Amino acid sequence: MEILDYEDSLETYLGELSGKKVTIVSALASGTEPLIDQLIENDNQLDIVVGTINSLTSPDFIEHCLNENNPALALAVDFRSHASINWKLILIEPDIVILGSANFTQVGVSLVRDTCVVTTDAALYDAYLAKVAALKATEGVLTCDHSLAFEEALDTYKQNHRRMQAGLARTAQYLDTEGWLGDDSNQSIPLFIWYSDHSEQSEDEARKHLKSSSDGVAWDDVREFFTYECAEGALPYEEGDVVLTARCNGSHIGFYTFDRILYRDGTYYIYAYRKKRYTQPFKLDGDKELLKEAIPQWYEDGRTELNRGDILRVIG
């Protein structure tokens, strides 16, 4: 038996495997796409099952596995939401069983706050392998096979995931990005990048539309407003979202709550109200200069969301 921890991490242990069949079952998965790629490059055969408790498994992880399109990788998703698995189990053929508290996430496999036990036991391995097979045959657990049923379940899950992440952004406030990244429940934040300052005509329109709405908020109570041109129903934000906003040149970086959203003649008018205290998922402080360099490219790419990987590459 061997104990793994942050000094001898699960990520390191798995990264050294070669030519093995590896079964991974985890309540949630995110940020471990590079480890998946490394395992495949090392000639391992992967069979993965992930859960969807609290919609915390990243859709990016699921789509990465879908796009891998490699016979060495099989993925099943337990779409049963709160009834889905809470397992943290890894099986390595022919007889290795790894159990512990670590999910298959970037934070989890680092073992900075988790631990795992590695046991060599052929009988235990076979027993768990049978349980995994039974799990995959359970109603609501779908294999990633590009079928209509899977695509529809994934689309619904993406909507639930987005709402969960938006809710976390509204309620969780960290001292810095390191704290935000240290909690693998946090996987994305909405992003809005605008091109130019408002014209007088645009401001007059925004003022007129707010006045005619049923909100009852005076223009003097508006901290900032934004406009977004798209078809009705295509706006990638919802009222109440806390959004990282910036001008396309990397200036005017800040978090705003989209308190009121109105659609008029092909344009969404988005209003952020004045408050005594403004919500922000994490304090920007010195990170603004790092973000400034990345924002022009994000604008060119049409990004409306940042995930953990984006933030790690720029700030982490």
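**Figure 1. A salt bridge joins D184 and R113.** D184 pairs up with R113 in a salt bridge, and their closest N and O atoms sit 3.2 Å apart. The two residues come from distant parts of the chain, 71 residues apart. D184 belongs to the loop between α7 (177–181) and β11 (188–194), while R113 is found in the loop between α4 (106–110) and β9. D184 is buried, with a relative accessible area of 9%. Keep in mind, here and in every other view, that this is a predicted model.

**Figure 2. The whole protein, for orientation.** Before more close-ups, here's the overall picture. The secondary structure comes to ten helices and 17 strands. Measured out along its principal axes, the C-alpha trace spans about 75 × 40 × 30 Å. Of the 316 residues in the protein, 48% are buried. Take the contacts with a separation of 6 or more: 74% of them are between residues 24 or more positions apart. The accessible surface is about 15500 Å², and carbon and sulfur atoms account for 46% of that. As for charges, there are 28 positive and 53 negative ones, and the mean positions of the two sets lie 9 Å apart.

**Figure 3. K136 and D47 meet across the sequence.** The protein has 13 salt bridges by the count used here, and this view picks out the one between K136 and D47. Their closest N and O atoms are 3.0 Å apart. K136 is part of helix α5 (residues 122–136) and D47 is part of strand β4 (residues 45–50), so the bridge ties together parts that are 89 residues apart in sequence. The two ends differ in cover: K136 is partly exposed, at 29% relative accessible area, whereas D47 is buried, at 15%.

**Figure 4. T23 and the residues around it.** Look for T23 in strand β2, which covers residues 21–26. With a relative accessible area of just 1%, T23 is buried. What does T23 touch, once its neighbours within four places in sequence are set aside? The contacts are D47, L89, I90, L91, L129 and V132. D47 also appears in Figure 3, as the salt-bridge partner of K136.

**Figure 5. E239 and R260 form another salt bridge.** In this pair, the closest N and O atoms are 3.3 Å apart. E239 lies in the loop between β12 (222–229) and β13 (242–247), and R260 lies in strand β15 (residues 260–264), so the pair ties together parts that are 21 residues apart in sequence. E239 is partly exposed, with 40% relative accessible area. R260, on the other hand, counts as buried at 17%, because the cut-off for buried is under 20%.

**Figure 6. R162, R170 and D241 form a network.** Here salt bridges link R162, R170 and D241 together.

**Figure 7. A negative patch on the surface.** E2, E7, D8 and E16 make up this negative surface patch. One of its members, E7, sits in the loop between β1 (2–4) and α1 (10–15). Is E7 buried or exposed? At 65% relative accessibility, E7 counts as exposed.

**Figure 8. A nonpolar patch on the surface.** M1, I3 and V117 come together in a nonpolar patch, and their accessible area adds up to about 340 Å². V117 belongs to strand β9, residues 116–120. V117 counts as partly exposed, at 30% relative accessibility.

Notes
Residues are numbered from 1 along each chain as its sequence is written. This is a predicted model: local features need pLDDT of at least 70, side-chain atom pairs count only at pLDDT 80 or more; totals for chains, interfaces and linings use all residues. Side-chain values use heavy atoms; hydrogens and water are left out. Patches are made of residues with over 30% relative accessible area and no salt bridge: like charges are joined within 9 Å, nonpolar side chains (Val, Leu, Ile, Met, Phe, Trp, Tyr) within 5 Å. Accessible areas come from the Shrake-Rupley method with a 1.4 Å probe; for residues, only the protein chains shown count as cover. A salt bridge is a side-chain nitrogen of Lys or Arg within 4 Å of a carboxyl oxygen of Asp or Glu. Lys and Arg count as positive and Asp and Glu as negative; His and the chain ends are not counted. The place of a charge is taken as NZ of Lys, CZ of Arg, CG of Asp or CD of Glu. Helices (H or I, at least four residues) and strands (E, at least two) are DSSP runs, numbered from the N terminus. Buried means under 20% relative accessible area, exposed over 50%, partly exposed in between (1.4 Å probe, protein chains only). Contact means heavy atoms within 4.5 Å.
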